[in-house]
Amino acid sequence: MTIEARQISFQYGRTPVLREVSFTLTSGRFHALLGPNGAGKSTLFGLMTRLLALQTGELLMEGRSLRRQPADAMRQIGVVFQQNALDLDLTVRQNLFYHAALHGMSRKQARMRSDQELERFTLTDRANDPVRLLNGGHRRRVEIARALMHQPKLLLLDEPTVGLDVASRAGLNRHVRTLCEQDNLTVLWATHLIEEVQPEDRVLILHEGKLLADGAGHDICEAEGQPGLAETFHALTGAGQT
Ligand code: ADP
């Protein structure tokens, strides 16, 4: 699914947080939305998921306007927010079932889809455990599995590795890249951690509400005359020096 953001500006009260942000996301690709804390990443996610109302600009999902055809557009989106949003007292499978019910899926469909996702996330043996018993990395996997239950075409992840150890972070990042390939899923992964981004990724660098770069990581580095993404990120934003 192609996603197009056209000239999006947003302010909380009088404070501008996004300034004329435009980009296009390509079907089946991993896109990194890279920006230091406070850049406006969560605000952009809020607009893409309709938690926040668009003020200026337009968001199009496969040509459908989020403003004018919100239900059609929202059906195509799966989202993993920064804060864990699972019910800790429900089992892993119950969390998936509840999401399926919200999306109007039948019980049979819910069982089939949850079996598929649990298998793919190697969570089958944890299906009947309350989420409370799972570690942070496993909980994150459940959240992604849940976000995929209704088979969205776009997966939004807002700093999904916050609070995870280095190995879990890398594992989750690898896993989501595999999903892109397997499902032709379009992914937008927000992060302030350069190590979660690869030079082959489409990279969108956001800083103080402005999109400073948009393109393949290695092309951005070349355009900035920098040897790598860490140096490029630092040169553009003054953040993340390694
Ligand atoms: P990021 O996700 O990149 O860290 P955010 O979108 O959370 O950035 O924040 C962008 C800016 O907007 C920050 O300066 C933040 O303080 C401000 N901001 C975020 N949420 C609110 C809010 N509800 N009210 C006022 N200002 C906010």
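**How do you know? Pocket, ligand shell and helix α1**

Author: This is a predicted model. Its largest pocket has a lining of 15 residues, and those nearest its centre are Gly-78, Val-79, Phe-81, His-99 and Arg-146.

Reader: Which elements give two or more residues to that lining?

Author: Those are β6 (77-80) and α5 (136-148). The largest share, four residues, comes from β6. As for room, the largest pocket holds about 240 Å³ of space.

Reader: How do you know where empty space is left?

Author: You roll a probe the size of a water molecule over the atoms, and that shows it.

Reader: What makes up the lining of the largest pocket by class?

Author: Eight nonpolar, five polar and two charged residues. Gly-78 is one of those nearest the centre, and Gly is counted as polar here.

Reader: On to the ligand. Which residues are around it?

Author: Tyr-12, Val-17, Pro-36 and the run Asn-37, Gly-38, Ala-39, Gly-40, Lys-41, Ser-42 and Thr-43. By class that shell has four nonpolar, five polar and one charged residues. Helix α1 (residues 41-48) gives the largest share, three residues.

Reader: What makes the pairing of the ligand with Gly-38 a polar contact?

Author: An oxygen atom of the ligand sits 2.7 Å from a polar backbone atom of Gly-38. The cut-off for N or O atoms is within 3.5 Å, so the pair counts. Ala-39 has a polar backbone atom 3.1 Å from a ligand oxygen, and for Ser-42 the distance is 2.8 Å. Overall, the protein covers 54% of the 570 Å² of accessible area that the ligand has on its own.

Reader: Why is α1 called mostly covered?

Author: Buried means under 20% relative accessible area, and seven of the eight residues of α1 are buried. They are Lys-41, Thr-43, Leu-44, Phe-45, Gly-46, Leu-47 and Met-48.

Reader: What comes just after α1?

Author: Arg-50, which takes a positive phi of about 70°. Thr-49 lies in the loop between α1 and β4 (56-61).

Reader: Why is Thr-49 called buried?

Author: Its relative accessible area is 10%. The limit is under 20%, so Thr-49 is buried.

Reader: What does the side chain of Thr-49 reach, and how do you know it's a polar contact?

Author: The side chain of Thr-49 reaches the backbone oxygen of Gly-46 at 3.3 Å. One of its polar atoms also lies 2.8 Å from the backbone oxygen of Phe-45. Set against the 3.5 Å cut-off, both pairs qualify.

Methods:
Residues are numbered from 1 along each chain as its sequence is written. This is a predicted model: local features need pLDDT of at least 70, side-chain atom pairs count only at pLDDT 80 or more; totals for chains, interfaces and linings use all residues. Side-chain values use heavy atoms; hydrogens and water are left out. A residue is near a molecule or strand if one of its heavy atoms lies within 4 Å of it. A polar contact is a pair of N or O atoms within 3.5 Å; within protein, one must be able to donate a hydrogen and the other to accept it, and residues adjacent in sequence count only if both atoms are side-chain atoms. Accessible areas come from the Shrake-Rupley method with a 1.4 Å probe; for residues, only the protein chains shown count as cover. Buried means under 20% relative accessible area, exposed over 50%, partly exposed in between (1.4 Å probe, protein chains only). On a 1 Å grid over the protein atoms alone, a cavity is a set of points where a 1.4 Å probe fits but cannot get out, and a pocket is an open set with protein on both sides within 12 Å along at least five of seven lines; lining residues have an atom within 4 Å of a point. Grid points are joined across faces, edges and corners, and a volume is the space filled by probe spheres set on the points.
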